[in-house]
Amino acid sequence: MLLAAGAAASSSRRALLAVACAAAPGRRGAAAAAASPAARQQRRGGGRAHRAMDAPQQPAPAGADGRGGPPKKTFTIAVEGCCHGELDNIYATLAHLERAEGRKVDLLICCGDFQAVRNLDDLETMSVPVKYRQLMTFWKYYSGAAVAPVPTLFIGGNHEATNYLWELHYGGWAAPNIYFLGYSGAVRFGGHRIAGLSGTFVAPHFGWGHHEALPYDERCVKSAYHVRALHVHRLMQLREPTSVFLSHDWPNLITRHGNAAWLFKKKPYFQKEAERGDLGSPPNQALLEALQPDYYFAAHLHVKFPAVVRHGGGAGGGVPGAAQPAPGAEQQQQQQQQQQQAAAAGAGQQQAAAGAGGGERVTRFLALDKCLPGRDFLQVVELEARGPLELSYDAEWLAVLRSTHGLMSTSKHAPPLPPDWGGRAGPAPEDVAHVERLLSERGSAAIPHNFAPTAPAFDPVAGRVRGAMPRSDLRNPQTVALLDWLGLPYNLDHAANARGGGGGGGGGWARRPAVAAAGAGPAYAAPRGLLSQQQGGGGGANPEEINIDSDSDGGGGGGAPAAAAAPAALAAADAFEIALDDDDDDDDGGGDGDGAGAGGALADGAPDSDADAGGGGGDGGADGDAGGGRDDDPMFGVVDTARFPYYTST
């Protein structure tokens with residue numbers, strides 16, 4: 001086991017914030033070993049996971065906090081990119097890492113394309129060509145034939161069993177110990193807020209309501225997973241700090257904060273979209289700049305890509321001049337603990353951010369690949385435990401659901417949203433008080449384990465080979481119970497006119513250039529030479545959405561981009577779906593470091609305070625990892641898992 005990020009960095013600032021840092025002497029030796037031809041050859045057939053270096057990197061005088069107190073309790077989350085139904089292999093990877101490192105993962109997060117397919121009928125609602133439809137392994141966890149060994153949290157992508165996720169629109173257990181965050185949502189784990197947005201962005205559909213009613217036609221199968229303005233509006237109302245944010249597609253313009261040169265060499269067909277300003281989602285960009293999470297994880301484009309986004313001063317997620325909702329007793333205690341931790345010398349995310357630039361907020365972004373051997377699909381991050389290690393309701397989010405419940409629409413026409421996200425005013429005070437009273441009466445914020453199956457699981461002995469499109473929506477008991485508890489009427493039944501024409505408000509991204517964060521600061525001014533043609537504005541294909549592909553990942557050299565696809569096949573594809581590549585790129589991309597560039601993991605315009613100490617491309621880019629493959633990177637360092645003999649994927 002090679003822990004390429006395993007040695008101490010020279011400061012806690014570098015350990016927690018810097019993406020490209022100087023290699024300590026011990027680590028340089030490990031990196032050189034990793035760069036050897038024998039080591040690279042050993043890794044070619046294996047999967048890769050990634051481990052964060054989150055512990056304090058300077059020894060504290062006494063105790064982990066430098067004040068003589070006991071060491072701080074931490075917990076470990078593993079973040080996975082596109083799942084594509086590979087639950088067996090993902091859980092096996094976590095077990096492999098536990099055996100190798102002796103540390104158990106406390107929470108698994110999947111960034112979309114989860115494919116919670118219970119049976120063959122669900123498969124008919126998933127946007128994927130018929131020849132690529134496979135049940136995969138979720139049905140075993142749904143039926144009870146297998147049990148998720150780690151609490152699992154996931155968001156939706158563009159290849160999902162939409163009919164099932166619609167039942168859990170506001171979040172819920174898709175299977176025992178497997179929780180869907182909802183179309184948008186926020187929960188707590190270990191005292192940290194984890195928020196996220198499901199789906200992918202297509203500008204013409206952004207202002208619509210959720211009109212897609214079963215049985216889905218060919219267009220509704222695709223538009224059903226497109227992000228709607230309502231869900232962005234809801235997330236914009238969160239004002240308390242967010243530790244982790246999740247989306248399936250990337251934030252727009254994120255390539256400006258990472259090593260774009262490396263990315264374009266790995267995926268050359270991304271460059272044109274990035275230069276136009278439409279590689280990524282503008283709503284995700286707005287959420288990134290407004291919420292300013294500590295970590296932002298995404299997937300979708302099947303490549304690992306790290307970036308560091310500096311926001312300047314101020315607390316992430318806060319609204320200048322806006323009164324914060326009155327916290328409950330538990331929240332007050334957490335806030336006091338956080339203030340004490342920020343004031344103490346030593347490690348901690350708030351203190352590290354302050355050390356990086358006088359209190360400026362920093363978001364560490366990472367996109368991950370899909371679960372296949374030899375791919376960068378997993379990242380392991382360690383956080384400080386501030387609360388119970390269980391999925392819990394987020395009180396502010398529940399209040400937001402109450403305040404915005406009347407904005408939900410099951411027709412194409414959506415109610416107009418308040419301009420500029422309502423000034424990010426947050427939930428109404430009466431809704432905050434209502435939720436606090438509910439949680440106080442309940443005595444716990446823990447999400448109840450009330451999973452209830454609503455459709456039969458796949459029966460492998462039944463002999464069926466093709467399902468039938470479901471005919472109507474089902475009311476999931478979990479959703480009914482949640483809305484009833486919050487005192488809200490059920491609002492997910494589709495009306496008879498659900499397929500009517502028209503459009504709603506909020507689709508401004510189809511008509512204006514790239515925006516930094518609507519309602520949260522000045523608009524982004526596109527630099528000279530960067531066009532501002534957003535997706536949908538010209539009726540072109542959406543570069544964010546990809547088809548399930550041939551996955552010819554067995555080795556052999558970088559595959560041809562989408563330009564090599566048959567013209568007839570592209571012509572027949574939906575206007576919002578294009579095949580980006582055949583993912584035949586398991587040759588370690590950058591080779592022996594020549595694709596990394598001298599900037600390590602950062603783009604020319606991104607901060608790289610340790611670049612001169614790190615020594616440029618040299619031993620850093622040896623394995624062709626994203627951002628130059630810097631094996632000494634404290635956040636994105638490779639953990640070499642050698643090989644995964646349990647893989648059954650081809």
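## The second largest cavity

The second largest cavity has a volume of about 140 Å³. This value comes from a predicted model. A search of the whole structure finds 13 cavities of 30 Å³ or more.

Seventeen residues might be listed one by one, but the centre offers a simpler guide: of the 17 residues that line the second largest cavity, those nearest its centre are Y183, S198, G199, A224 and Y225. By class, the lining of this cavity consists of 7 nonpolar, 8 polar and 2 charged residues.

## The sheet of 7 strands

Strands of a sheet pair through backbone hydrogen bonds, in either a parallel or an antiparallel manner. One open sheet in this model contains 7 strands with mixed pairing, in the order β12-β13-β11-β10-β9-β8-β15. Its edge strands are β12 (305-312) and β15 (392-393), each of which pairs on one side only.

Within this sheet, strand β8 (residues 184-189) and strand β9 (residues 192-197) run antiparallel and are joined by 6 bridges. Opposite A186 stands A195 in β9. Helix α15 (residues 395-404) packs on the sheet and touches β8, β9 and β15. The direction of α15 makes about 155° with that of β8.

## The sheet of 6 strands

An open sheet of 6 strands, also with mixed pairing, follows the order β6-β7-β5-β4-β3-β14. Here the edge strands are β6 (172-175) and β14 (378-384), and each pairs on one side only. From one strand to the next, the twist averages 30°.

Strand β3 (residues 74-80) pairs with strand β4 (residues 107-110) in the parallel sense, over 4 bridges. V79 stands opposite I109 in β4. Helix α4 (residues 87-101) packs on this sheet, where it touches β3, β4, β5 (152-154), β7 (178-180) and β14. Between the direction of α4 and that of β14 the angle is about 55°.

## Two packed helices

Two packed helices are described by the angle between their axes and by the distance between the axes. For helix α9 (residues 229-236) and helix α12 (residues 282-291), the axes come within 10 Å and cross at roughly 5°. Because angles under 35 degrees count as roughly parallel, α9 is roughly parallel to α12.

Which residues of α9 and α12 make the contact? Helix α9 contributes V232, L235 and M236, while α12 contributes P283, A286, L287, A290 and L291. By class, the contact of α9 with α12 has 8 nonpolar residues, with no polar and no charged residues.

How values were computed:
Residues numbered from 1 in each chain as written. Predicted model: local features only at pLDDT ≥ 70, side-chain atom pairs only at ≥ 80, totals over all residues. Heavy atoms only, no water. 1 Å grid on protein atoms, 1.4 Å probe; cavity = no way out; pocket = protein on both sides within 12 Å on 5 of 7 lines; lining within 4 Å. Points joined across faces, edges and corners; volume = space filled by probe spheres on them. Nonpolar A, V, L, I, M, F, W, Y, C, P; charged D, E, K, R; others polar. Pairing = 2+ DSSP bridges. Helix = DSSP H or I, 4+ residues; strand = E, 2+ residues; numbered from the N terminus. Contact = heavy atoms within 4.5 Å. Axes fitted to C-alpha atoms, helices over the stretch in contact; angles between N-to-C directions. Parallel < 35°, antiparallel > 145°, perpendicular 65-115°, else oblique.
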